[in-house]
Amino acid sequence: MAAPLAYALIATDLDGTLLRGDDTLSDRSLAALARVAAAGARHLVVTGRPVPRVRPLLDDLGTAGLAVCGQGAQLYDAGVHRLLWSVTLDRELAETALGKIEAEVGQVYAAVDQDGVDGLTLIEPGYLMPHPTLPAVRVERRDDLWCAPISKVLLRHPTLSDDELAAAARSVVGSLATVTMSGPGTVELQPCGINKATGLALAAEHLGLRREHALAFGDMPNDIPMFQWAARGVAMANAHPELKAVADEVTLSNEDDGIAVVLDRLLPGH
């Protein structure tokens with residue numbers, strides 16, 4: 001059934017967008033999402049987090065349907081707890097890309113998200129998790145990162161900013177990987193050609209919806225492809241300048257329920 005709203009597909013990033021800084025969901029945001037769902041719209045989480053780091057939040061949201069995880073590398077069906085689609089980053093290509101980046105900027109610290117619904121996040125010595133509340137397993141050496149298939153590599157540099165590290169990585173990795181920046185302290189390498197737009201397009205196809213149905217919310221440059229794919233993109237007040245530059249609208253921050261402000265405006269009679 002078509003939603004009696006301007007948009008039948010609501011795509012939201014998590015960190016810095018739907019989630020508050022303490023990784024919680026506000027009552028107002030939950031209520032707004034429930035109202036648009038009651039009006040017939042579908043809410044899709046579209047996040048850089050891998051499936052194991054998303055499942056508890058999907059439970060909080062009451063989501064039993066699809067979620068786009070791993071920057072678009074995973075399409076997860078929460079109702080049956082399985083991946084409908086996933087693509088991995090070739091580990092030899094990842095190692096080669098890391099070598100090229102370190103030849104350009106010096107030592108970086110790396111982590112990986114393993115593929116699968118129960119994949120681990122492995123971190124090498126020196127890597128600090130940007131979200132210390134998220135579980136990770138520390139390994140003894142970099143070679144241990146490649147023990148199982150991975151969906152992406154996460155990078156940090158001891159002195160360069162995220163923007164500087166991302167720019168340097170893009171300048172040298174070429175077609176070895178896609179470089180994204182998804183949050184403070186989070187520069188990532190993903191399979192070439194994979195991004196949030198590819199994952200969102202696949203999810204929309206499964207739902208029988210098109211890009212003109214989609215309203216997207218985000219806060220970081222990794223959300224740019226999603227904004228370019230969707231009919232309308234809304235950046236949070238706390239968003240990176242690169243995303244604000246391509247957004248159709250800027251709402252309030254994630255701490256101030258910016259998503260709920262926009263959704264409430266769309267609801268008939270609200």
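## Exercises on a predicted protein model

V137 is a residue of strand β8, which covers residues 137-138. The structure used in these exercises is a predicted model.

**Exercise 1.** Describe the surroundings of V137, and decide whether V137 is buried, partly exposed or exposed.

*Solution.* Begin with accessibility: the relative accessible area of V137 is 37%. Buried would require a value under 20% and exposed a value over 50%, so V137, at 37%, counts as partly exposed. Next, look for its contacts, leaving aside the neighbours within four places in sequence; the residues that V137 then touches are L120, T121, L122 and I123. Finally, consider a residue elsewhere in the chain: H43 stands 94 residues from V137 along the chain, and the C-alpha atoms of the two are separated by 31 Å.

**Exercise 2.** Carry out the steps of this analysis for V262, and then place V262 among the buried residues of its helix.

*Solution.* The first step is to locate V262, which belongs to helix α9, made up of residues 258-266. Its relative accessibility is 2%, and V262 therefore counts as buried. When neighbours within four places in sequence are left aside, V262 is in contact with L215, F217, V234, E249 and T251. V250 is 12 residues away from V262 in sequence, and their C-alpha atoms are 9.7 Å apart in space.

The second step widens the view to the helix, where G258, I259, A260, V262, L263 and D264 are buried. The elements that cover these buried residues of α9 include the strands β1 (9-12), β12 (214-218), β13 (232-235) and β14 (249-250), together with the helices α1 (14-18) and α2 (27-38).

**Exercise 3.** Which residues of helix α3 are buried, and what is the sign of phi in the residue that follows this helix?

*Solution.* Helix α3 runs over residues 51-61, and within it V51, P52, R53, V54, L57, L58 and L61 are buried. To think about their spacing, recall that an α-helix has 3.6 residues a turn, so residues three or four places apart point the same way. After α3 comes G62, whose phi is positive, near 70°.

**Exercise 4.** Find where D23 and D257 lie, and comment on the phi of each.

*Solution.* As background, most residues other than glycine have a negative phi. D23, which is not a glycine, nevertheless has a positive phi of about 70°, and its place is in the loop between α1 and α2. D257 is also a residue other than glycine with a positive phi, near 60°, and it lies in the loop between β14 and α9. As for accessibility, D23 is buried at 17%, and D257 is buried at 14%.

**Exercise 5.** How many disulfides does the whole structure contain, and how accessible are C69 and C192?

*Solution.* A search of the whole structure gives zero disulfides. C69 has a relative accessibility of 0% and so counts as buried, whereas C192 is partly exposed at 47%.

**Exercise 6.** Describe the protein chain as a whole, from its elements to its overall dimensions and its charges.

*Solution.* Counting elements first, the chain has nine helices and 14 strands. Its radius of gyration is 18 Å, close to the 18 Å that the globule rule gives for 270 residues, so the chain is as compact as a globular protein of that length. Its C-alpha atoms fill a box of roughly 60 × 40 × 30 Å along the principal axes. Of the 270 residues, 55% are buried. Lastly, there are 22 positive and 35 negative side chains, and the centres of these two sets lie 4 Å apart.

How values were computed: Residues are numbered from 1 along each chain as its sequence is written. This is a predicted model: local features need pLDDT of at least 70, side-chain atom pairs count only at pLDDT 80 or more; totals for chains, interfaces and linings use all residues. Side-chain values use heavy atoms; hydrogens and water are left out. A disulfide is a pair of cysteine sulfur atoms within 2.5 Å. Buried means under 20% relative accessible area, exposed over 50%, partly exposed in between (1.4 Å probe, protein chains only). Helices (H or I, at least four residues) and strands (E, at least two) are DSSP runs, numbered from the N terminus. The radius of gyration is taken over C-alpha atoms; the globule rule is 2.2 Å times the number of residues to the power 0.38. Lys and Arg count as positive and Asp and Glu as negative; His and the chain ends are not counted. The place of a charge is taken as NZ of Lys, CZ of Arg, CG of Asp or CD of Glu. Contact means heavy atoms within 4.5 Å.
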